[in-house]
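Me: Can we go through this model together, one spot at a time? I'll ask short things and switch topic as I go.

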Amino acid sequence: MKVQEKYIKKCIELAKNGLGTTYPNPLVGCVIVYENEIIGEGWHKKSGEAHAEVVAINSVKNKDLLKNATIYVSLEPCSHFGKTPPCADLIVKYKIPNVVIGTIDPNSKVAGTGVKKLLEAGINVTVGILEEECNELNKRFFTFHQKKRPFIILKWAESSDGFISPKVKLEQKPVWITNEFSRQLTHKWRSEEQAILVGTQTVIDDNPTLTVRDWVGKNPIRIVIDRSNKISKENHVYDNQAQTIVFSSLGINSEVAHIKYLKIDFNKKSTDQIVAFLYENQIQSVIIEGGRHTIQSFIDANLWDEARVFQGAVYLENGTKAPILNVKSCTKKSIQNDTLLIFRNYD
């Protein structure tokens with residue numbers, strides 16, 4: 001068992017290289033072992049490109065060794081034709097006798113059929129090695145397929161006395177509560193998620209770009225809630241640095257260049273409508289950065305999976321209070337003079 005865990009752990013580490021680039025596909029890592037030595041490895045890099053198993057098999061120089069090897073993979077090999085052929089078929093083709101799998105794929109197109117195909121070919125299959133860790137690796141993918149919605153991350157920064165912004169901002173927009181290292185980490189997070197969402201007041205007050213600037217990576221899709229069309233077209237969210245989706249109660253559904261306008265009924269639960277749209281459009285993850293009303297609306301609807309809260313050393317005395325999150329258990333991390341609290345919602 002410990003040998004199997006060793007190689008599945010290696011698969012997980014390889015898979016993490018694809019974080020932020022594989023959507024809507026999952027993160028998958030794979031290693032091939034012959035006589036206790038890794039002879040091939042790979043990970044899925046981008047949707048439409050080769051899956052981890054294909055990359056790993058192609059990396060093996062002497063294909064004859066595959067007939068006596070074991071292939072380890074963090075997620076069940078696919079069994080259907082998508083943008084690429086089934087990985088289960090390739091394993092069968094090369095007559096790899098042993099397959100060790102971290103966890104079963106929740107996608108209805110797979111969901112055990114990959115294992116079934118391998119077993120029917122006479123291959124020895126082991127499932128459930130470091131299963132919890134493999135599920136955590138693909139928490140976005142699993143949430144999307146099991147809960148029929150994206151993985152939702154709440155993020156905000158609050159002062160030492162519990163405010164997310166001062167009463168008066170004067171010249172500085174936005175007012176920085178955290179240090180530069182915490183802000184860089186925020187940009188790293190943006191590069192890892194498919195979308196980022198903010199409310200009207202955040203755009204009006206801070207004029208954010210919602211892009212990746214202090215980190216190398218792809219800009220997330222910008223999602224803006226603008227119920228009454230108050231946001232000026234001169235704001236950064238309307239520039240051409242990233243695709244932008246605007247939810248409003250006015251006008252009709254339309255799309256102009258990189259901007260998509262969507263009408264929703266704010267007399268009903270707007271959070272449910274927004275989440276449903278994201279699911280329908282294959283958006284597996286979204287990070288919600290503000291403001292307080294927007295974040296609190298998702299908390300109150302219990303539509304969140306993770307909350308990342310920075311506590312800065314700044315003391316504001318008054319202003320906009322931080323959202324209320326009635327969860328006590330969290331992990332803590334120090335980032336110089338900032339504290340990062342990470343909460344998980346297991347409901």
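Me: Thr-178: buried or exposed?

Reply: Thr-178 is buried, with a relative accessible area of 11%, where buried means under 20%, exposed over 50% and partly exposed in between, using a 1.4 Å probe and protein chains only. This is a predicted model, in which local features need pLDDT of at least 70 and side-chain atom pairs count only at pLDDT 80 or more, while totals for chains, interfaces and linings use all residues. Residues are numbered from 1 along each chain as its sequence is written, and side-chain values use heavy atoms, with hydrogens and water left out.

Me: Where does Thr-178 sit, and what does it touch?

Reply: Thr-178 is in the loop between strand S7 (163-165) and helix H7 (180-192); helices (H or I, at least four residues) and strands (E, at least two) are DSSP runs, numbered from the N terminus. Leaving out residues up to four places away in sequence, Thr-178 touches Ala-157, Arg-183, Phe-310 and Asp-338, a contact being heavy atoms within 4.5 Å.

Me: And Pro-323, which loop is that in?

Reply: Pro-323 lies in the loop between S15 and strand S16 (331-335), and it is buried at a relative accessible area of 9%.

Me: What is Pro-323 in contact with?

Reply: Apart from its neighbours within four places in sequence, Pro-323 is in contact with Trp-156, Ile-164, Arg-292, Ile-295, Gln-296 and Ile-299. The C-alpha atoms of Pro-323 and Phe-151 are separated by 19 Å, with those positions 172 residues apart along the chain.

Me: Which residues of H10 are buried?

Reply: The buried residues of H10 are Thr-294, Ile-295, Gln-296, Phe-298 and Ile-299. What covers them includes strand S6 (151-158), strand S8 (195-199), strand S9 (221-225), helix H9 (270-280) and S13. As a general point, an α-helix has 3.6 residues a turn, so residues three or four places apart point the same way.

Me: What happens in the backbone just after H10?

Reply: Asn-302, just after H10, takes a positive phi of about 55°.

Me: Which non-glycine residues with a positive phi should I look at besides that?

Reply: Two to look at are Glu-35, with a positive phi of about 50°, and Glu-317, where phi is positive at about 75°. Glu-35 lies in the loop between S1 and strand S2 (37-43), and it counts as exposed at 63% relative accessibility. Glu-317 is in the loop between strand S14 (306-311) and strand S15 (320-321), and is exposed, with a relative accessible area of 60%.

Me: Switching to cis peptides: what is omega between Tyr-23 and Pro-24?

Reply: Omega is about 5° for the cis peptide bond that joins Tyr-23 and Pro-24, and Pro-24 is placed in the loop between helix H1 (2-15) and strand S1 (29-34). The peptide bond from Gly-290 to Gly-291 is also cis, with omega near -5°. Gly-291 lies in the loop between strand S13 (285-290) and helix H10 (292-300).

Me: How many disulfides are there?

Reply: The count comes to zero disulfides, a disulfide being a pair of cysteine sulfur atoms within 2.5 Å.

Me: Why is Cys-11 not bonded to Cys-30?

Reply: Because the sulfur of Cys-11 is 5.8 Å from the closest cysteine sulfur, that of Cys-30, which is too far for a bond. Cys-134 is in no disulfide either, and the nearest cysteine sulfur to it, in Cys-11, is 7.6 Å away. Cys-11 is buried, with a relative accessible area of 0%, and Cys-134 is buried too, at 1%.

Me: Zooming out, how many helices and strands does the chain have?

Reply: The protein chain has ten helices and 17 strands. The chain is as compact as a globular protein of its length, because its radius of gyration is 23 Å, close to the 20 Å that the globule rule gives for 347 residues; that radius is taken over C-alpha atoms, and the rule is 2.2 Å times the number of residues to the power 0.38. Along its principal axes the C-alpha trace spans about 70 × 45 × 35 Å.

Me: How much of the chain counts as buried?

Reply: Of the 347 residues of the protein chain, 52% count as buried. Among contacts between residues at least 6 apart in sequence, 69% join residues at least 24 apart.
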